[in-house]
2 protein chains.
Amino acid sequence: MAVPAVRDESLEQARLNIRRGQFRGPTAGLAPGYVQGNLVILPRTYADDFRNFCLRNPTPCPLIGMSEPGDPTLAALGDLDIRTDLPRYRVWKSGVVVDEVTDIGSLWGPDLVTFVLGCSFTFEHVLAESGIPLRHIQERRNVAMYRTSMKTAPAGPFHGPLVVSMRPMKATDAIRAIQITTRYPLAHGAPVHLGAPELIGIDDLMAPDYGDAVDVAPDEIPVFWACGVTTQVAIEQAKPETCITHAPGCMLITGLPTTKIALL
Amino acid sequence: MAVPAVRDESLEQARLNIRRGQFRGPTAGLAPGYVQGNLVILPRTYADDFRNFCLRNPTPCPLIGMSEPGDPTLAALGDLDIRTDLPRYRVWKSGVVVDEVTDIGSLWGPDLVTFVLGCSFTFEHVLAESGIPLRHIQERRNVAMYRTSMKTAPAGPFHGPLVVSMRPMKATDAIRAIQITTRYPLAHGAPVHLGAPELIGIDDLMAPDYGDAVDVAPDEIPVFWACGVTTQVAIEQAKPETCITHAPGCMLITGLPTTKIALL
């Protein structure tokens, strides 16, 4: 999926473009310096089990926000309206994606609970500032994401494999990226794997399950971070009657500065 | 080189065994919890240049001690006598090893300046406590060390390639080891490379330039740390009339607790 050329805009401009439906693509590289989040909206009967799923799997599912039922705001994450402030939403029925939309106002209701989980896009500008090139941003593609053979800890009906995002890097950059991302546990933290993809059940790096493939050069290593799309695989398993998530790569840009969640 | 079975002894016992010439092998795994160091002893005319070489290459050459000329003690590193407290010394003449001895009392003189540089054996017990197996310790071998195609920054007559030590690890252990060793810049800190050895000029992992080869399993990655033997290659180049170093892997065990040099 190609990314329109509205990168490097301010937080306000990025949010406005998204809110107005003018920006509908992946958010990697947008509003650098602000935490980006995965979105899961569920009926309140699922809220306790899903919260437990997040708490038991804090690496793929670092919970940074949870709303009261029916409340479309999350004051701790900035001046936002969850119904309009993501570029693209997936609408789920019984564990199956039935629609992708850019606004969920017409689907909102008093029974819905919103969960926001930190996303690895959060630390990408820190990597870039450290001189580590990120191919999916350079090539204006969505990051590549893969289902793995690694398991999550189940909670109620929520279970399934870990999903990861992949960034190819030279070894010295991978070492530096591990140091940097260790500082951001609320954005998935350090990688969960690097090197041989087959060791975590990925057969073909050029065929990601979500997002876009990028080349891995001969002097590069694929580096894998836990990914919030893990929640969407768990939703496939749990089959809630209704559910709304972000579309992979099309994240909530919060008003929370990345510096606020950094260790050290 | 096989390692005699005197591991896990206290610092005092380890030092006494070494001082008496009863222990003459590699020190990996000995006196866990204490900083281990590389040794370089040079005539004072070389001292300024060698100190500059260390300061310009702090990753392979982290200086933790420097003596006054002729003084065989280093009070900051504990109650030690540099003439007797290493298991094995190399004696150099004009850049060539001419002897290996277990005591340098008869070679000592008022003109000699001692340098001690932190060694990666320092952090190995921290890795082990974190559940990361170290094959050279399990197999009672010396760690494998290699000359690389990476260059040091020269100082006076001292120059040459970087030498690295290698530890094979599973990817998750390598990621954790990067986090842990980042805390120990005075013991070489984080790795300088991981994965493909040919990218840093190592043709055959099973033919190390120093120490003993260990197998790398199919699900493991070779992880490379800068090594203090880098100084010995620089000594080959500088060709000082006389010089004394440790034998690779046969380190000075200092009285400095590892906890004292840890960041965080």
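Select A:Tyr34 and A:Pro257 in chain A: Pro257, in strand 11, is the bridge partner of Tyr34. Strands here are DSSP runs of E, at least two residues long, numbered from the N terminus. This is a predicted model, where local features need pLDDT of at least 70, side-chain atom pairs count only at pLDDT 80 or more, and totals for chains, interfaces and linings use all residues. Residues are numbered from 1 along each chain as its sequence is written, chains are lettered from A and ligands numbered from 1 in the order in which they are written, and side-chain values use heavy atoms, with hydrogens and water left out.

**Strand 1**

Now select residues 34–43 of chain A, which form strand 1. Of its 10 residues, 9 are buried (under 20% relative accessible area, 1.4 Å probe, protein chains only).

**Its partners**

Two strands pair if DSSP finds at least two bridges between them.

- Add residues 252–257: strand 11 runs antiparallel to strand 1, joined by 3 bridges.
- Add residues 112–118: strand 5 pairs with strand 1 in the antiparallel sense over 7 bridges. Here A:Asn38 stands opposite A:Leu117.
- Add residues 242–246: strand 10 is antiparallel to strand 1, with 2 bridges. Here A:Ile41 faces A:Ile244.

**Both chains**

Show chain B too. A turn of 180° and a shift of 0.0 Å along the axis lay chain A on chain B with an RMSD of 0.0 Å. The two copies are therefore related as by a two-fold rotation axis. Superposition is by least squares on the C-alpha atoms of residues with pLDDT of at least 70 in both copies.

Select A:Gln179 next: in chain A, its C-alpha is the nearest to the axis, at 3.1 Å.

Finish at the interface. The copies meet through the same surface, because 94% of the interface residues of chain A are also interface residues in chain B. Contact means heavy atoms within 4.5 Å.

Definitions and conventions
Buried means under 20% relative accessible area, exposed over 50%, partly exposed in between (1.4 Å probe, protein chains only). Helices (H or I, at least four residues) and strands (E, at least two) are DSSP runs, numbered from the N terminus.
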